[in-house]
Amino acid sequence: MTEFARAEAVDRIERLVETVATETMPVPIREIWVYGDLVLGLDPVERLDIYLTKDLLFHGDGDREEEFHESHGVEGIGKTVSAEWADEHPEYIRANPNGYAAPEKCLAAHLVGDEEPIHLEICNASFEDNVTQRLKGAMARENYEQVLDPRGACLWIDGQRSTDAFEKLRNGEFVFPTLAEALSMIGVDDGEAEQAADAVRDYRERQAGATVRGDVV
């Protein structure tokens, strides 16, 4: 799969939201946003960009960590990733290079197929807060491709689905400026905003299939 028709992209993210709302997740999810092509009204949608705000796993089941380490060779289940989720979905257990359960990779495995043109951004901070934090870091290091596109729409927060946002997505009713203009509106000077926008587009065009980025703010 190389792209989504617009209606198909909206259907796909509706299914993702429904999955988060109704199924056990590896970590609690607080917010779901969509940004990029879909909110800009494009058709087709080359990549579906989704942002998830996750919470830390509290009241876990850490005494089961050794059990899963023995059975799956992965540490941290019951501490950073729900043991209940791992019982239900062992096929989606994923670890970082150190062998420790990686929440963002587990979420991606559960929510997105390997070949789907979907990018997941997963962070403990809200979308709006992380836009600001990522922008500061990217500008300081002149690593512009790490900028998070601020043009997003919140679809789901604290268990509540935004019917209005989905209707606007289906009808292409969101109105946003260009990426460079959006960056200028949040404090980037015009020349640097153009550079950053070009870097974000170039980086995005190099991606294929399902991708995930985990972030901590």
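## Report on a predicted model: T53, the strands and the cysteines

T53 is buried, at 0% relative accessible area. The structure described here is a predicted model. T53 belongs to strand β2, which covers residues 48-54. A polar atom of the T53 side chain lies 3.2 Å from the backbone oxygen of A125. Leaving out residues up to four places away in sequence, T53 touches P28, I29, R30 and E31, and also C123, N124, A125, S126 and F127. A125 therefore appears both in this list of touching residues and as the residue whose backbone oxygen lies 3.2 Å from the T53 side chain, a side chain that is buried with its residue at 0%.

### Overall build

The protein contains eight helices and six strands. Along the sequence, these elements follow the pattern α-β-β-α-α-α-β-α-β-β-α-α-α-β. The C-alpha trace spans about 55 × 40 × 30 Å along its principal axes. The radius of gyration is 18 Å, which agrees with the value near 17 Å for a compact globule of 217 residues.

Of the 217 residues, 48% count as buried. The exposed surface of the protein is about 10,600 Å², and carbon and sulfur atoms supply 46% of it. Among contacts with a separation of 6 or more, 67% are between residues 24 or more positions apart.

### Strands β1, β4 and β5

Strand β1 (residues 29-35) pairs with strand β4 (residues 152-157) in the antiparallel sense, over five bridges. Within this pairing, V34 has A153 in β4 as its bridge partner. Strand β4 is also joined to strand β5 (residues 160-161), again antiparallel, by two bridges. Here W156 stands opposite R161 in β5.

The hairpin of β4 and β5 has two residues between the strands, and D158 takes a positive phi there, near 50 degrees. In a regular strand, side chains alternate between the two faces of the sheet.

### Backbone features in the loops

Two residues other than glycine with positive phi are set out below.

| Residue | Phi | Location | Relative accessible area |
|---|---|---|---|
| E142 | near 55 degrees | loop between α5 (127-141) and β4 | 57%, exposed |
| D158 | near 50 degrees | loop between β4 and β5 | 56%, exposed |

E142 counts as exposed because its relative accessible area is 57%, and exposed means over 50%. D158 counts as exposed because its value is 56%.

Another backbone feature is found at P44, in the loop between β1 and β2. The peptide bond from D43 to P44 is cis, with omega near 5 degrees.

### D149

Is D149 buried or exposed? With a relative accessible area of 9%, D149 is buried, because buried means under 20%. D149 sits in the loop between α5 and β4, and E142 is found in that loop too. The side chain of D149 makes a polar contact, at 2.8 Å, with the side chain of R151. Beyond its neighbours within four places in sequence, D149 is in contact with Y35, G36, F127, V131 and L179. Of these, Y35 falls within β1, residues 29-35, and V131 within α5, residues 127-141. F127, also in contact with D149, is one of the residues that T53 touches. D149 and L16 are 133 residues apart in sequence, and their C-alpha atoms are 21 Å apart in space.

### Cysteines

How many disulfides does a search of the whole structure find? The count is zero. The closest cysteine sulfur to that of C106 is in C123, at 17 Å, so the two are too far apart for a bond. C123 is in no disulfide either, and the nearest cysteine sulfur to its own, that of C154, is 15 Å away.

C106 is buried, with a relative accessible area of 0%. C123 is likewise buried, at 0%, and C123 is one of the residues that T53 touches. C154 lies within the range of β4, residues 152-157.

Technical notes. Residues numbered from 1 in each chain as written. Predicted model: local features only at pLDDT ≥ 70, side-chain atom pairs only at ≥ 80, totals over all residues. Heavy atoms only, no water. Pairing = 2+ DSSP bridges. Helix = DSSP H or I, 4+ residues; strand = E, 2+ residues; numbered from the N terminus. Buried < 20%, exposed > 50% of the residue type's maximum accessible area, 1.4 Å probe, protein only. Polar contact = N/O pair within 3.5 Å; in protein donor to acceptor, adjacent residues only side chain to side chain. Contact = heavy atoms within 4.5 Å. Disulfide = S-S within 2.5 Å. Rg over C-alpha atoms; globule rule 2.2 N^0.38 Å. Areas by Shrake-Rupley, 256 points an atom, 1.4 Å probe, with all protein chains shown as cover.
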